[in-house]
Amino acid sequence: MDNPMTSSTSIKSVGHTDTSIIIDWADAHTSHFPLRWLRYECKCEQCGESSTGIRFVTLLSLPKELSISRCGLDDDDDLAVTWGPDEHHSRYEHAWLRRHC
């Protein structure tokens, strides 16, 4: 039997505009995540120290013009983004995205 929390928080589709990433959820909710905020929230080792919460990236240090080279779901159904112009890779867990939508 499917877990109702898991199925309702699963991502149905992903798209993007010049200013946001758009996620359609399995429960028919749609979320718009601003590119600059989402890029700042990257949790990779290059962007910050997850154990201490120290950030190596500031909003001002991000490229002035953000773009998306690739955007889609990875093997775990989490959001995977490759950012332009620097080709930085970010991964966002679907449960984290749902909590912040």
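Is arginine 91 buried, partly exposed or exposed, and what is its relative accessibility? Arginine 91 counts as partly exposed, at 38% relative accessibility. The values in this report were computed from a predicted model.

## Overall fold

Three helices and eight strands make up the secondary structure of the protein chain. In sequence order, these elements follow the pattern α-β-β-β-α-β-β-β-β-β-α. The protein chain has a radius of gyration of 14 Å, close to the 13 Å given by the globule rule for 101 residues, so it is as compact as a globular protein of that length. The C-alpha trace spans about 45 × 30 × 20 Å along its principal axes.

Of the 101 residues in the protein chain, 32% are buried. The accessible surface of the protein chain is about 6500 Å², and carbon and sulfur atoms account for 52% of that surface. For contacts between residues at least 6 apart in sequence, 34% join residues at least 24 apart.

## The sheet of β6, β7 and β8

Three strands form an open sheet in the order β6-β7-β8, and their pairing is antiparallel. The edge strands β6 and β8 each pair on one side only. From one strand to the next, the twist averages 20 degrees. Six bridges hold the antiparallel pairing of β6 with β7. Serine 67 has glycine 84, in β7, as its bridge partner.

## Salt bridges

The model contains five salt bridges, counted with a cut-off of 4 Å between a side-chain nitrogen of Lys or Arg and a carboxyl oxygen of Asp or Glu. The table gives the closest N and O atoms for three of these pairs.

| Acidic residue | Basic residue | Closest N and O atoms |
|---|---|---|
| Aspartate 27 | Arginine 98 | 2.7 Å |
| Glutamate 41 | Lysine 43 | 3.0 Å |
| Aspartate 78 | Arginine 91 | 2.3 Å |

Where in the chain do aspartate 78 and arginine 91 lie? Aspartate 78 is in the loop between β6 (67–73) and β7 (79–84), while arginine 91 is in strand β8 (residues 88–92), so their salt bridge ties together parts that are 13 residues apart in sequence. Aspartate 78 is buried, with a relative accessible area of 4%. Its partner, arginine 91, is partly exposed at 38%. These two residues also belong to a network of salt bridges that links Asp74, Asp76, Asp78 and Arg91.

The salt bridge between aspartate 27 and arginine 98 has its closest N and O atoms 2.7 Å apart. Aspartate 27 sits in the loop between β2 (20–25) and β3 (30–34), and arginine 98 sits in helix α3 (residues 94–99), so this pair ties together parts that are 71 residues apart in sequence. Aspartate 27 has a relative accessible area of 36% and is therefore partly exposed.

In the pair formed by lysine 43 and glutamate 41, which of the residues is buried, and at what relative accessible area? Glutamate 41 is buried, with a relative accessible area of 17%, which is under the 20% limit for a buried residue. Lysine 43 is partly exposed, with a relative accessible area of 48%. The closest N and O atoms of this salt bridge are 3.0 Å apart.

Definitions and conventions: Residues numbered from 1 in each chain as written. Predicted model: local features only at pLDDT ≥ 70, side-chain atom pairs only at ≥ 80, totals over all residues. Heavy atoms only, no water. Helix = DSSP H or I, 4+ residues; strand = E, 2+ residues; numbered from the N terminus. Buried < 20%, exposed > 50% of the residue type's maximum accessible area, 1.4 Å probe, protein only. Pairing = 2+ DSSP bridges. Axes fitted to C-alpha atoms, helices over the stretch in contact; angles between N-to-C directions. Rg over C-alpha atoms; globule rule 2.2 N^0.38 Å. Contact = heavy atoms within 4.5 Å. Areas by Shrake-Rupley, 256 points an atom, 1.4 Å probe, with all protein chains shown as cover.
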